[in-house]
Amino acid sequence: MQFNVATLLQEPVGATRLFEADGELSAPDVGYVARASGRIHMLRTERGILVRARMDVRPALECARCLEAFELPLTLQVDEEFVPHHDPVTGEAVEADPDEFRIDDLNHLDLSEAVRQYEQAALPIQPVCREDCAGLCPVCGQNLNERLHEHEDQQAEAAWSSLAALAERLRTEEHRGGT
Ligand SMILES: [Zn+2]
Ligand SMILES: [Zn+2]
């Protein structure tokens, strides 16, 4: 998702642009391709362009419980300054920290890597396809969201019988304690 900011870079500090965008994010260095849409506000700063964007993304994840692929809708608030390699007016080199985002020499401002980083930071550690995902059957590994099957009765029975055994043991210990 690239924007040509040649004219904005020529304008004085404080000049702004607003974009509504829907397009592809691509960060080939890390094999990242995704779709994003949102409102992108740009402000000409002393050093470059401050981007404030509200971006909707839908990263493809794997559910930590049932292992099915699903898309998680996320809205990211991106707030980053992009700095050109050369001052558009004087042509002098502009210094920047290695982790700062750059505008390339063709005046392209690419949001892909910034959105990727914000998305990474927003991902849950244990993503679940839905709050009440039933996960996989511990006996046979079948996805329990799809259909009920016989192991569920067995599990229920097993749970009941172990509770019953526990209750029995407690009763017995009570008796011993009483004598
Ligand atoms: Zn799931
Ligand atoms: Zn099963």
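Which protein atoms are the donors of the zinc ion (ligand 1), and how far from it do they lie? Select the ion in this predicted model and display its surroundings: the donors are the SG atoms of Cys-63, Cys-66, Cys-129 and Cys-133, at 2.3 to 2.4 Å from the metal. The angles among these four donor atoms run from 106 to 114°, and the site is tetrahedral. Along the chain the donors follow the spacing C-x2-C-x62-C-x3-C, which is worth tracing on the sequence while the ion stays centred. If you colour by accessibility, Cys-63 counts as buried at 0% relative accessibility, and Cys-66 is likewise buried, with a relative accessible area of 3%.

**From the zinc site to Asn-143**

Keep Cys-66 in view and add Asn-143, which sits in the loop between α2 and α3 (150-178). Leaving aside residues up to four places away in sequence, Asn-143 touches Cys-66, Glu-68, Gly-135 and Leu-136, and the first of these names is also one of the zinc donors. The side chain of Asn-143 reaches the backbone nitrogen of Asn-145 at 2.8 Å. Asn-143 is classed as buried because its relative accessible area is 7%, where the cut-off is under 20%. Before leaving this loop, draw a distance from the C-alpha atom of Asn-143 to that of Leu-43: these residues are 100 apart along the chain, and the two atoms are separated by 49 Å.

**The nonpolar core**

Next, select Met-1, Ile-40, Met-42, Ile-49, Val-51, Leu-109 and Leu-111, the residues with the most contacts inside the largest nonpolar core, which has 36 residues. Elements that each supply at least two residues of this core are α1 (6-10), β2 (16-27), β3 (32-44), β4 (49-57), β7 (74-84), β8 (101-103) and α2 (112-122). Ile-40 is a useful centre for the view: beyond residues up to four places away in sequence, its contacts include Met-1, Phe-3, Leu-18, Phe-19, Val-51 and Leu-111, and also the arginines Arg-17 and Arg-52.

**Helix α2**

Now show helix α2 with its side chains, and pick out Ser-112, Ala-114, Val-115, Arg-116 and Glu-119, which are the buried residues of this helix. They pack against β2, β3, β4, β7, β8 and β9 (108-110).

Zoom in on Ser-112, which lies in α2 and is buried, with a relative accessible area of 1%. The side chain of Ser-112 makes a polar contact of 2.7 Å with the side chain of Asp-110. Its other neighbours, not counting residues up to four places away in sequence, are Met-1, Glu-24, Leu-25, Ser-26, Ala-27 and Tyr-32.

Then move to Arg-116, also found in helix α2. Is Arg-116 buried or exposed? At 17% relative accessibility Arg-116 counts as buried. A polar contact of 2.9 Å joins its side chain to that of Glu-113, and, again leaving out residues up to four places away in sequence, Arg-116 touches Ala-27, Val-30 and Tyr-32.

**Salt bridges**

Finally, turn to the charged side chains. Side chains of opposite charge can pair when their charged atoms come close. How many salt bridges does the structure hold? There are ten, and the following stops include some of them.

- Select Glu-20 and Arg-39, whose side chains meet in a salt bridge at 2.6 Å, N to O. This pair links distant parts of the chain, with Glu-20 in strand β2 and Arg-39 in strand β3, 19 residues apart. Glu-20 is exposed at a relative accessible area of 59%, whereas Arg-39, at 44%, counts as partly exposed.
- Select Glu-71 and Arg-58, where the closest N and O atoms of the salt bridge are 3.0 Å apart. Here too distant parts of the chain are linked: Glu-71 belongs to strand β6 (residues 69-71), and Arg-58 to the loop between β4 and β5 (60-62), 13 residues away. Glu-71 is partly exposed, with a relative accessible area of 46%.
- Select Asp-132 and Arg-130, which form a salt bridge of 2.8 Å, N to O. Asp-132 is exposed, with a relative accessible area of 55%, while Arg-130 counts as partly exposed at 40%.
- Select Arg-47, Glu-81 and Glu-100 together, since these residues are linked in a network of salt bridges.

Notes. Residues are numbered from 1 along each chain as its sequence is written. Chains are lettered from A and ligands numbered from 1 in the order in which they are written. This is a predicted model: local features need pLDDT of at least 70, side-chain atom pairs count only at pLDDT 80 or more; totals for chains, interfaces and linings use all residues. Side-chain values use heavy atoms; hydrogens and water are left out. Donors are N, O and S atoms within 2.8 Å of the metal (3.2 Å for Na, K and Ca); water is not among the atoms, so sites may look incomplete. Four donors count as tetrahedral if all angles lie between 85 and 135 degrees; four count as square planar and six as octahedral if opposite donors are over 155 degrees apart and all others between 65 and 115; anything else is irregular. Buried means under 20% relative accessible area, exposed over 50%, partly exposed in between (1.4 Å probe, protein chains only). A nonpolar core is a set of buried Ala, Val, Leu, Ile, Met, Phe, Trp, Tyr and Cys residues joined through side-chain atoms within 4.5 Å. Helices (H or I, at least four residues) and strands (E, at least two) are DSSP runs, numbered from the N terminus. Contact means heavy atoms within 4.5 Å. A polar contact is a pair of N or O atoms within 3.5 Å; within protein, one must be able to donate a hydrogen and the other to accept it, and residues adjacent in sequence count only if both atoms are side-chain atoms. A salt bridge is a side-chain nitrogen of Lys or Arg within 4 Å of a carboxyl oxygen of Asp or Glu.
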